[in-house]
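Hi,

Here is the structure I promised to pass on. Have a look at it first, and then read my notes underneath.

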Amino acid sequence: MARKSLIQREKKKQRLERKYNLLRQSLKKEMSEVSSLDEKLEIYRKLQSLPRNSAPTRLRRRCLKTGRPRANYRDFELSGYIIREMAHACLLAGVTKSSW
């Protein structure tokens, strides 16, 4: 299980990303429409002034149940070993463990 502080930090990044998403998109759109280099630099400075943790590339997918940052399945939003445990307990519909 991940430390609680790491999970809370990731939630804070998600909140920041949602907060600044529209502003970031509008600045990027404005930058693509402007042809002057000076205006592009000014828009770039505005983009750089936004908080670092508001960038979508700094987000990390985590398991909903344990907070584990690796081996996550997007369909279930769970880590691999949690999916395995749930499949063994017949908690996931349509998922069976193969055996031969």
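Below is what I found, going through the helices, the charges and one strand residue.

One thing to keep in mind throughout: this is a predicted model.

Let's start with the annotation. An unreviewed UniProt entry puts a "coiled-coil region" at residues 6-33. In the model, that stretch is 100% helix and 0% strand, and the C-alpha atoms at its two ends sit 39 Å apart.

Now for the surface charges, where there is a patch of each sign. The positive one brings together Lys4, Lys11, Lys12, Arg15 and Arg18. If you want a residue to click on, try Arg15: you'll find Arg15 in helix H1, partly exposed, with a relative accessible area of 47%.

The negative patch is formed by Glu30, Glu33, Asp38 and Glu39. Which elements give two or more residues to it? Those are helix H1 (4-33) and helix H2 (37-49). Asp38 belongs to helix H2, and Asp38 counts as exposed because its relative accessible area is 60%, while the cut-off for exposed is over 50%.

Next, salt bridges. How many does a search of the whole structure find? The answer is 1 salt bridge. Its partners are Glu42 and Arg45, whose side chains meet at 3.7 Å, N to O. As a reminder, side chains of opposite charge can pair when their charged atoms come close. The spacing along the chain is worth a look too: Glu42 and Arg45 are 3 residues apart in helix H2, so about one helical turn separates them. As for accessibility, are the two partners buried or exposed? Glu42 is partly exposed, at 39% relative accessibility, whereas Arg45 comes out as exposed, at 52%.

Last, a residue away from the charges. Leu78 is part of strand S2, which covers residues 78-79. Leu78 has a relative accessible area of 10%, so it is classed as buried. If you want to see how the chain comes back on itself in terms of distance, pick Leu78 and Arg62: they are 16 residues apart along the chain, and their C-alpha atoms are separated by 7.5 Å.

If you open it up, I'd go in this order: the annotated stretch at residues 6-33, then the positive patch with Arg15, the negative patch with Asp38, the Glu42 and Arg45 salt bridge, and finally Leu78 in strand S2.

Cheers

Conventions. Residues numbered from 1 in each chain as written. Predicted model: local features only at pLDDT ≥ 70, side-chain atom pairs only at ≥ 80, totals over all residues. Heavy atoms only, no water. UniProt positions renumbered as here; feature names shortened; annotations may be inferred. Helix = DSSP H or I, 4+ residues; strand = E, 2+ residues; numbered from the N terminus. Patch = residues over 30% accessible without salt bridge, like charges linked within 9 Å, V, L, I, M, F, W, Y side chains within 5 Å. Areas by Shrake-Rupley, 256 points an atom, 1.4 Å probe, with all protein chains shown as cover. Salt bridge = Lys/Arg side-chain N within 4 Å of Asp/Glu carboxyl O. Lys, Arg positive; Asp, Glu negative; His and termini not counted. Charge placed at Lys NZ, Arg CZ, Asp CG, Glu CD. Buried < 20%, exposed > 50% of the residue type's maximum accessible area, 1.4 Å probe, protein only.
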